[in-house]
Amino acid sequence: MYTKKVMDHFVNPRNMGELENADGVGTVGNAKCGDIMRIYLKVEDEIIKDVTFKTFGCGAAVATSSIATELVKGKSIKDALKITNDAVVEALDGLPKAKIHCSLLAEEALHAALWDYSKKHGIDIEGLEPPKADIHDDHAIDTDDE
């Protein structure tokens with residue numbers, strides 16, 4: 001069901017934990033499955049120097065959080081904004097259809113953290129939209145196989 005990369009990031013998550021004095025913090029959730037994801041950013045000279053996460057959810061939610069932090073660490077804000085849920089799924093070598101919503105959470109949590117960073121620092125990030133309160137998609141969600 002899950003790829004080796006998904007299992008590796010679930011069992012050995014990277015960058016997990018709270019980042020003190022974060023420059024941006026984004027929290028999103030999915031009311032249907034109950035997953036909640038929070039991403040913390042430390043930004044210097046428009047480069048993401050450090051990024052961590054805290055996630056309450058299934059193995060796929062933890063894995064997508066973990067890989068998302070790896071995808072953006074060291075990237076510019078502009079490049080981090082380009083990270084999509086498709087990039088998260090690809091980096092994990094795939095996700096079951098019922099777990100695609102976890103990759104959407106990772107994308108949106110990152111965008112919410114960038115939004116928080118932009119508001120705290122009074123800057124405008126081109127292409128960044130306000131975060132959503134609840135993340136969901138058109139894919140089937142089967143919570144029995146978590």
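Visitor: Is Arg14 buried, partly exposed or exposed, and what is its relative accessible area?
Guide: This is a predicted model, by the way. Buried means under 20% relative accessible area and exposed means over 50%. Arg14 falls in between, so it counts as partly exposed, with a relative accessible area of 24%.

Visitor: Which residue does Asp8 form a salt bridge with?
Guide: Side chains of opposite charge can pair when their charged atoms come close. Asp8 counts as partly exposed, at 31% relative accessibility. For its salt bridge, the closest N and O atoms are 2.6 Å apart, and the partner is Arg14.

Visitor: Which residue is linked with Asp8 and Arg14 in a network of salt bridges?
Guide: We've just met the pair Asp8 and Arg14, joined by a salt bridge. They belong to a network of salt bridges, and the residue linked with them there is Glu70.

Visitor: How many residues apart are Asp50 and Lys73?
Guide: Their side chains meet in a salt bridge, 3.6 Å from N to O. This pair links distant parts of the chain: Asp50 sits in strand β3, while Lys73 is in the loop between α2 and α3. Asp50 is partly exposed at 25%, and Lys73 is partly exposed at 36%. Along the chain, the separation is 23 residues.

Visitor: Which helix do Asp116 and Lys120 both lie in?
Guide: The side chains of Asp116 and Lys120 meet in a salt bridge, 3.0 Å from N to O. They are 4 residues apart, about one turn of the helix, and that helix is α5.

Visitor: How many salt bridges are there in the whole structure?
Guide: We've looked at a few, including Asp116 with Lys120. A search of the whole structure gives a total of 6.

Conventions: Residues are numbered from 1 along each chain as its sequence is written. This is a predicted model: local features need pLDDT of at least 70, side-chain atom pairs count only at pLDDT 80 or more; totals for chains, interfaces and linings use all residues. Side-chain values use heavy atoms; hydrogens and water are left out. A salt bridge is a side-chain nitrogen of Lys or Arg within 4 Å of a carboxyl oxygen of Asp or Glu. Buried means under 20% relative accessible area, exposed over 50%, partly exposed in between (1.4 Å probe, protein chains only). Helices (H or I, at least four residues) and strands (E, at least two) are DSSP runs, numbered from the N terminus.
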